[in-house]
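Q: I am new to this structure and would like to understand the words used for it. Could you show it to me and go through them one by one?

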Amino acid sequence: MNIKNNELEICRAYSEFYKKIKDTILVKENIDLSKTDVTEAVLIRMFTYYVNQEINKIILGKGRMQSASDFFVETILYYLHKVLDDKLTIYSERTISKGFMPDISIWKDSECIAIIECKTQLGYNRSGYLEQHLQRKRLLQQIFPNANSYLLVMTNKNWGKNNGFTQQDRIECPNELFSLCRSWPSQVDTTNIVNYIQDRFEDLLMKFSFENIKQND
């Protein structure tokens, strides 16, 4: 196999992943949000990403693996599209005001009802994440007073003494802070994922159920 054909084979395999995303993203699933299936699915995808990035890092002799932040946002976007009602519109990095482009914003008609900031971990900002979250919420509610702001973190590791959000954090920002996994996704046993879950993604998704939104109108 020559180098060009080898590259074509690699690209076909790469394209197949995105074709699968395209073919399945708008297929609504009958998901029971009282369970943990969506959270487990997110962690399986992140497990796959980290494991393969670690292999890639070793093969190429890289000092560190490619950042997972965009991949995490895309994974969350994928499951929001699969679960949320078609009456809602989901955007990534849509401008709400000058310099304010949340990772994810959720809209009903012309009204932003929520934003979600996604982080793989908070080790880089151990002491400032809560104030930043509150600042985003203030900026959002200056324009959309009934909207809410959420902070969604992939793992507890490398911040908060590896325990995630403190009890005081959750008191100050009730039902706004979510940390999905107690471990790095690459260290998760994919046959027993439920034992690694800290906060269920489903609890955040339920806030956008059409019944809840109608009640808040």
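A: Let's begin with the elements: helices (H or I, at least four residues) and strands (E, at least two) are DSSP runs, numbered from the N terminus. Thr 39 falls within residues 37–60, the run called helix H2. This is a predicted model, where local features need pLDDT of at least 70, side-chain atom pairs count only at pLDDT 80 or more, and totals for chains, interfaces and linings use all residues. Residues are numbered from 1 along each chain as its sequence is written, and side-chain values use heavy atoms, with hydrogens and water left out.

Q: What makes up the protein chain, and in which order do the elements run?
A: The protein chain has seven helices and five strands. Read from the N terminus, the order is α-α-α-β-β-β-α-β-α-β-α-α.

Q: Why is Thr 39 called buried or exposed?
A: Buried means under 20% relative accessible area, exposed over 50%, and partly exposed in between (1.4 Å probe, protein chains only). Thr 39 has a relative accessible area of 0%, so Thr 39 is buried. Across the protein chain, 41% of the 217 residues count as buried.

Q: How do you know that Thr 39 makes a polar contact with the side chain of Glu 202?
A: A polar contact is a pair of N or O atoms within 3.5 Å; within protein, one must be able to donate a hydrogen and the other to accept it, and residues adjacent in sequence count only if both atoms are side-chain atoms. The side chains of Thr 39 and Glu 202 make such a contact at 2.4 Å.

Q: Which residues does Thr 39 touch?
A: Contact means heavy atoms within 4.5 Å. Leaving out residues up to four places away in sequence, Thr 39 touches Leu 180, Ile 197, Asp 199, Arg 200, Phe 201 and Glu 202.

Q: Where is Leu 122, and why does Leu 122 count as buried or exposed?
A: Leu 122 sits in the loop between strand S3 (111–119) and helix H4 (129–143). Its relative accessibility is 1%, so Leu 122 counts as buried. Apart from neighbours within four places in sequence, Leu 122 is in contact with Tyr 129, Leu 151, Val 153, Trp 159 and Phe 165.

Q: Why is Ile 171 called exposed or buried?
A: Ile 171 has a relative accessible area of 52%, so Ile 171 is exposed. Its place is in helix H5. The C-alpha atoms of Ile 171 and Ile 115 are separated by 20 Å, with their positions 56 residues apart along the chain.

Q: What phi does Asn 175 have, and why is Asn 175 called exposed or buried?
A: Although Asn 175 is not a glycine, its phi is positive, about 65 degrees. Asn 175 lies in the loop between helix H5 (167–172) and strand S5 (177–181). At 54% relative accessibility, Asn 175 therefore counts as exposed. Glu 93 also has a positive phi, near 60 degrees, and lies in the loop between strand S1 (88–91) and strand S2 (104–108).

Q: How do you know that the radius of gyration agrees with a compact globule?
A: The radius of gyration is taken over C-alpha atoms, and the globule rule is 2.2 Å times the number of residues to the power 0.38. For 217 residues a compact globule would be near 17 Å, and the protein chain has 18 Å, so the value agrees. Along its principal axes, the C-alpha trace spans about 60 × 40 × 40 Å.
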